[in-house]
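Here is a chain to read alongside its fold, taken one question at a time. Where does the backbone do something unusual, and what lies around it?

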Amino acid sequence: MVIKNKKNALDKFFKKERLEDSKDKWLLFDAHNLMFRTVFTATRMDPLDKTFTSWKFLMINSIFRAVQQFQPNQVMFALDSRNYWRKKVYSEYKGHRKGDRKKSVVDFEAFFPVADQFWTELQEVLTNFHFMRIETIEADDTIAVFTREISPKSKIINISTDHDMYQLMTNKNYQQYDPIKRKIVKCINPKVDLQMKILTGDRSDNIPAVAPRTGEATARKILDAGLENFLINEEVKSNYERNKNLIDFDCIPEDIITMIKTSFNEQNITDYNGTAMYQFLVKHKILRVLEELQDVIPTIKKVGKGKK
C-alpha cells in the first residue's frame, strides 16, 4: 500500500510537471471583449474619427503586444456570433444591450459594419492564427470547451476582463490575464464564485437574481445556511435552474460542444504571410504598428508551427 501511494504521488507530480513543461502554449483572445474595450478607448482619444482608424491601430497593437508578452506557439480568437443559444433558455438574455448602445458615445451603427469587415480581413492575413466564430455560440462557450475538452493538457492564457470565465480556474491548465489590471487574475474559490453569480444574476447580460434583493451579502448567507434550504420555494428553484443553465459552463448543451469541436477540427492553419500583413496595415492606415513593434514579427511568424 505504501508503494502504491508513492506511485500515485509520483504520477501526480509528473503529470503536473508535464503540464508546466508543455510545449503547447495557447494564447486566447476573448475577441469581442477586446473589441469593445479598444473602441471605447479609441473614441475617447479621437471622438471625430469616423473611419475608426484609431480603433484599428489599438486592436492590432494590443494583439501584437500580447503575443510579444506571452510568446505562445498557438493563438486563437474566440468571437461571439449572433442569435445566441441562451436566448432559447431566457428570451431577455442580453436584451438591454441595444438600448444601452443607443445611449453610448460610440456610434455602434457605424462601427459594427467596420468591425465585421476588419475581422474578416484580419482572418485572411493572420492565416497562422485560429479564428472561431460559430452561429449561436459565444466566445465564452468556445473558450470553455477548448480549455476543458479540446486541449486540456495545454497551457492556456485567456486575455479577458470577463468574470464569467473565472469558473475555468478550476482547470489547472487555465490562466486569465486582465489587460486593464495588467496581471494574471486569481479567484480564491471559483466554485463559490460561480454559485454567487448564479444567485445574484448578471446585470451585464440582463440575467436577474433568483429572488428579489438577492445581492452578494444575501447570497453569502444563503450559501452559508445551505443552498438546498433556499431552493425549497419552487419559483426560486426555477429561477436558480434558469441562471445555472445560462451561466454555468457545465450546462453548455452537447450539440453546442460538438459544433465547437467540429469547427476547431476544420480550422485551416497556414504559414504567416508577411506581405499580406503589410498590405493589410497599409490599407487600414495603421502601418505605424510595425514601426513600434517590429521586434514582435519573429514571434508572430512562429505561431501555428507544428500541430494545431
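Q: Where in the chain does Thr-136 lie?
A: In this predicted model, Thr-136 has a positive phi of about 75 degrees although it is not a glycine. Most residues other than glycine have a negative phi. As for its place, Thr-136 belongs to the loop between strand 3 and helix 6 (139-150).

Q: Is Thr-136 buried, partly exposed or exposed?
A: Buried would require under 20% relative accessible area, and exposed over 50%. With a relative accessible area of 21%, Thr-136 is partly exposed.

Q: What is the relative accessible area of Arg-213?
A: Arg-213, which lies in the loop between helix 7 (190-200) and helix 8 (216-225), also has a positive phi, near 60 degrees, in a residue other than glycine. The cut-off for exposed is over 50%, and Arg-213 counts as exposed with a relative accessible area of 78%.

Q: Which strands stand at the edges of the open sheet, and why is one side of each left without a neighbour?
A: The open sheet has 6 strands in the order 3-2-1-4-5-6, with mixed pairing. An edge strand has a single partner strand, so one side of it is left without a neighbour in the sheet; the two in this position are strand 3 and strand 6 (183-185).

Q: By how many degrees are neighbouring strands of this sheet turned against each other on average?
A: Strands of a sheet pair through backbone hydrogen bonds, either parallel or antiparallel. In the sheet with the order 3-2-1-4-5-6, the average turn between neighbouring strands, direction ignored, is 30 degrees.

Q: In strand 2, which residue is the bridge partner of Leu-27?
A: Strand 2 pairs in the parallel sense with strand 1 over 5 bridges, and in the parallel sense with strand 3 over 3 bridges. Towards strand 3, Ala-78 stands opposite Met-132. For Leu-27, the bridge partner in strand 2 is Val-75.

Q: How many residues of strand 2 are buried?
A: In a regular strand the side chains alternate between the two faces of the sheet. On one side of strand 2 are Gln-74, Met-76 and Ala-78, on the other Val-75 and Phe-77, and all are buried. The number of buried residues in strand 2 is therefore 5 of 5.

Q: Which residue of strand 5 is the bridge partner of Asn-158?
A: Strand 4 (residues 155-159) and strand 5 (residues 174-178) run parallel and are joined by 4 bridges. Within strand 5, the bridge partner of Asn-158 is Gln-176.

Q: Which helix gives the largest share of the largest nonpolar core?
A: Nonpolar side chains tend to be buried together in soluble globular proteins. The largest nonpolar core here has 48 residues, and those with the most contacts inside it are Trp-55, Phe-64, Phe-77, Leu-122 and Phe-129. The largest share of this core, 10 residues, comes from helix 3.

Q: Which helix numbered above 4 packs against helix 5 through the buried residues of helix 5?
A: Helix 5 (residues 108-125) has 18 residues and reaches 25 Å from its first C-alpha to its last, close to the 26 Å expected. Its buried residues include Phe-111, Ala-115 and Phe-118, and these three are among the residues that Trp-55 touches. The buried residues of helix 5 pack against several elements, including helix 2 (31-45), helix 3 (53-70) and strand 2 (74-78), and the helix asked for is helix 12 (274-283).

Key. Residues are numbered from 1 along each chain as its sequence is written. This is a predicted model: local features need pLDDT of at least 70, side-chain atom pairs count only at pLDDT 80 or more; totals for chains, interfaces and linings use all residues. Side-chain values use heavy atoms; hydrogens and water are left out. The expected span of a helix is 1.5 Å times one less than its number of residues. Buried means under 20% relative accessible area, exposed over 50%, partly exposed in between (1.4 Å probe, protein chains only). Contact means heavy atoms within 4.5 Å. Two strands pair if DSSP finds at least two bridges between them. Axes are lines fitted to C-alpha atoms, for helices over the stretch in contact, and angles run from 0 to 180 degrees between N-to-C directions. A nonpolar core is a set of buried Ala, Val, Leu, Ile, Met, Phe, Trp, Tyr and Cys residues joined through side-chain atoms within 4.5 Å. Lists of a residue's contacts leave out its neighbours within four places in sequence.
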